[in-house]
Amino acid sequence: MPRLIFLPIFLAMLSFVLSCEKVFDVNSAIDARSSELVVVSSFTLDRTLQVYVSSSGSILDDEPIAYIDNAIVELYRNEEFLTQLSFSEDKDKISNLPFYSAGDFQPQVGIKYTIRVDAPGFETVTAHSQIPTPVKMVSSEISDLQFSEMTGEKETLVRYRVGIAFEDPGQIDNYYHINLLQQFREYAIIENDTLYFREEMRPVIFSNQLNTNFQVAHVGGGLLLADEDQDGQTIRLNLPVEFSYLPNRDELGKLFIELRAVSKEYYQYFSTISRQNGVSDSPYADPVIVYDNINGGQGVFAGFSTSSDSLVVGY
């Protein structure tokens, strides 16, 4: 995938770990475009709002991504100026990328926020979004748990299914991102004591064979869902999970479930990215035009809220 496409996808995936691509048929046409600002921010409750700003460059350019440290990044609430974000000298601990921070300010549910970014030599860009009301899970369970040794390998294959149910608020359009993270803990037994060294959280990556008109396997893990055919109903999912691991080194831990109620911008951006990723290797597939909501530039500015649960996975 070209460099121009990778940048906003990678930056937008940072919120998932914590938790604009455009399609062209002719490379020369892309190369002729003037450089644009790439602005990426997925924001939620009880977390400082962070914004990543870079320039799009050319897809034929192998130079390092150009992050911009002299932009003016302003945040508005219902068109009222709130604050100017500060450029952080300390890179994000997870991404190791520079970012702009809103300091102690934390966004709230149901309020329209606007981001405005100005940088020398670039067109001013703006975007709008808000955080949806959280939706709580009413049940979650693990079933059909199976362990099997892999032929000729020291690894063990674990398979199970995850059942999730939640009540969809009626008479409004709702969008969701269901994230599943399987915990593994590296250990060693020393003098009959079990010592733990590190913890790994592996996202569950679903096959795009699960895709329907209203359901998309997220390219970075989890499942994106629109409620168009289940408005106001109890939404029930039964999802397949499969991992391989080394039982003599790693202990199988909990499964962490994150139900995100996401804004329409979040759903459209990630669902079109994910569909594009699913067809990118096929010369016969129709191209997917990837949505973005950065007016005058590229990227995504999108809110989400979260409810969480965890389940023990074991014999």
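Let's start with Asp173, which sits in the loop that links strand E9, residues 156-167, to strand E10, residues 175-190. Keep in mind that we are looking at a predicted model. Is Asp173 buried or exposed? With a relative accessibility of 59%, it counts as exposed, because the cut-off for that class is over 50%. Asp173 also has company: together with Glu228, Asp229 and Asp231, it makes up a patch of negative charge on the surface.

Now, on to the salt bridges. How many does the structure hold? There are 8 of them, and I'd like to walk you through a few.

Follow strand E10 along and you'll find Arg185. Its side chain forms a salt bridge with Glu251, and the closest N and O atoms are 2.7 Å apart. Glu251 belongs to strand E15, residues 250-262, so this pair ties together parts that lie 66 residues apart in sequence. As for their surroundings, Arg185 is partly exposed at 28% relative accessibility, and Glu251 is partly exposed with a value of 28%.

Next to Glu251 in the numbering, please look at Asp250. Asp250 pairs with Arg249 in a salt bridge, again with 2.7 Å between the closest N and O atoms. Which of these two partners is buried? That would be Asp250, with a relative accessible area of 3%, while Arg249 is partly exposed at 32%.

One last pair for today: Arg116 and Asp118. Their side chains meet in a salt bridge at 3.2 Å, N to O, and Arg116 counts as partly exposed, with 32% relative accessibility.

Thanks for listening, everyone!

How values were computed: Residues are numbered from 1 along each chain as its sequence is written. This is a predicted model: local features need pLDDT of at least 70, side-chain atom pairs count only at pLDDT 80 or more; totals for chains, interfaces and linings use all residues. Side-chain values use heavy atoms; hydrogens and water are left out. Patches are made of residues with over 30% relative accessible area and no salt bridge: like charges are joined within 9 Å, nonpolar side chains (Val, Leu, Ile, Met, Phe, Trp, Tyr) within 5 Å. Accessible areas come from the Shrake-Rupley method with a 1.4 Å probe; for residues, only the protein chains shown count as cover. A salt bridge is a side-chain nitrogen of Lys or Arg within 4 Å of a carboxyl oxygen of Asp or Glu. Lys and Arg count as positive and Asp and Glu as negative; His and the chain ends are not counted. The place of a charge is taken as NZ of Lys, CZ of Arg, CG of Asp or CD of Glu. Helices (H or I, at least four residues) and strands (E, at least two) are DSSP runs, numbered from the N terminus. Buried means under 20% relative accessible area, exposed over 50%, partly exposed in between (1.4 Å probe, protein chains only).
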